[in-house]
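Welcome to this guided tour. Keep your viewer open, and at each stop select what is named before reading on.

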Amino acid sequence: MSEISQLKDMVAGGRLPQAQEIVKEAIASGIEPQEIIDSYLIKGMEEIGDKFAKGQAFVPNLLLAARAMKGCLEILTPLMKEGCASSLGTVVI
């Protein structure tokens with residue numbers, strides 16, 4: 001069983017299957033979808049963005065991270081109650 005604390009690293013590393021598995025486990029353990037998004041998915045994207053800004057990551061790394069986040073959001077979006085989602089931005093792939 002993977003730990004939710006690893007989700008940020010899985011997203012930043014572009015590891016889609018592992019990230020989706022962690023999201024499924026987090027949902028099963030009762031963690032709210034918005035909490036997963038705010039505390040882990042967005043943090044992973046911030047991490048890869050910072051690495052890109054420092055020249056430690058490149059466009060392919062950003063694309064893989066975005067694909068991992070999008071895959072996780074595909075699982076979470078149907079579970080979110082209408083009207084309770086807050087938007088912090090848009091992920092464009």
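**Stop 1: the whole chain**

Begin with everything shown: of the 93 residues in the protein, 32% are buried. Keep in mind that you are looking at a predicted model. Switch to a cartoon view and you will find four helices and zero strands. Reading from the N terminus, the order of elements is α-α-α-α.

Now turn on a surface. The accessible surface of the protein comes to about 5800 Å², and 55% of that belongs to carbon and sulfur atoms. How far apart along the chain are the residues that meet? If you take the contacts between residues at least 6 apart in sequence, 69% of them join residues at least 24 apart.

**Stop 2: helix α2**

Select residues 16–28, which form helix α2. You can test its length yourself: at 1.5 Å a residue, these 13 residues should span 18 Å, and the end C-alpha atoms are indeed 18 Å apart, so the two agree.

Next, colour the buried residues of α2, which are Leu-16, Ala-19, Ile-22, Val-23 and Ala-26. They cover an arc of only 130° around the axis, which means that they sit on the same side of α2. Which exposed residues are on the face turned away from that buried side? Select Pro-17 and Ala-28 to see them.

What do the buried residues of α2 pack against? Show α1 (7–12), α3 (33–53) and α4 (59–76), and you have the partners. Before leaving, step past the end of the helix to Gly-30, which follows α2 and has a positive phi, near 100°.

**Stop 3: Ala-19**

Stay with helix α2 and zoom in on Ala-19, which lies in it. Is Ala-19 buried or exposed? Its relative accessibility is 0%, so Ala-19 counts as buried. Leaving out residues up to four places away in sequence, Ala-19 touches Leu-7, Met-10, Val-11 and Cys-72. Draw a distance between the C-alpha atoms of Ala-19 and Leu-41 as well: these residues are 22 apart along the chain, and the atoms are separated by 9.2 Å.

**Stop 4: Val-11**

One of the residues touching Ala-19 is Val-11, so select that one next. Val-11 belongs to helix α1 and, at 0% relative accessibility, counts as buried. Its contacts, apart from neighbours within four places in sequence, are Ala-19, Leu-41, Gly-44, Met-45, Ala-65, Ala-68 and Met-69. Pick out Gly-44 from that group: Val-11 and Gly-44 are 33 residues apart along the chain, with 5.3 Å between their C-alpha atoms.

**Stop 5: helix α4**

Move to α4, a helix of 18 residues. From the first C-alpha to the last, α4 reaches 26 Å, close to the 26 Å expected at 1.5 Å a residue. Its buried residues are Ala-65, Ala-66, Ala-68, Met-69, Gly-71, Cys-72, Ile-75 and Leu-76. Bring the other helices back into view, because what covers these buried residues includes α1, α2 and α3.**Stop 6: the nonpolar core**

Show side chains for the largest nonpolar core, which has 18 residues. Those with the most contacts inside it are Ile-4, Leu-7, Val-23, Ile-36 and Leu-41. Each of α1, α2, α3 and α4 supplies at least two residues of this core, and the largest share, five residues, comes from α3.

Centre the view on Ile-36. Which residues is Ile-36 in contact with, leaving aside its neighbours within four places in sequence? They are Ile-4, Leu-7, Val-23, Ala-26, Ile-27, Ile-31, Leu-41 and Leu-76.

**Stop 7: the salt bridges**

How many salt bridges does the structure hold? There are two. For one of them, select Lys-8 and Glu-47, whose closest N and O atoms are 2.8 Å apart. Lys-8 lies in helix α1 and Glu-47 in helix α3, so this pair ties together parts that are 39 residues apart in sequence.

Now add Lys-51, which also forms a salt bridge with Glu-47, with 3.7 Å between the closest N and O atoms. Glu-47 and Lys-51 both lie in helix α3, four residues apart, about one turn of the helix. With all three selected, you can see Lys-8, Glu-47 and Lys-51 linked in a network of salt bridges.

Finish by checking the two lysines on the surface view. Lys-8 has 29% relative accessibility and counts as partly exposed; Lys-51, at 33%, also counts as partly exposed.

Technical notes
Residues numbered from 1 in each chain as written. Predicted model: local features only at pLDDT ≥ 70, side-chain atom pairs only at ≥ 80, totals over all residues. Heavy atoms only, no water. Expected span 1.5 Å × (residues − 1). Buried < 20%, exposed > 50% of the residue type's maximum accessible area, 1.4 Å probe, protein only. Arc of directions from axis to C-beta. Contact = heavy atoms within 4.5 Å. Core = buried A, V, L, I, M, F, W, Y, C linked by side-chain atoms within 4.5 Å. Areas by Shrake-Rupley, 256 points an atom, 1.4 Å probe, with all protein chains shown as cover. Salt bridge = Lys/Arg side-chain N within 4 Å of Asp/Glu carboxyl O.
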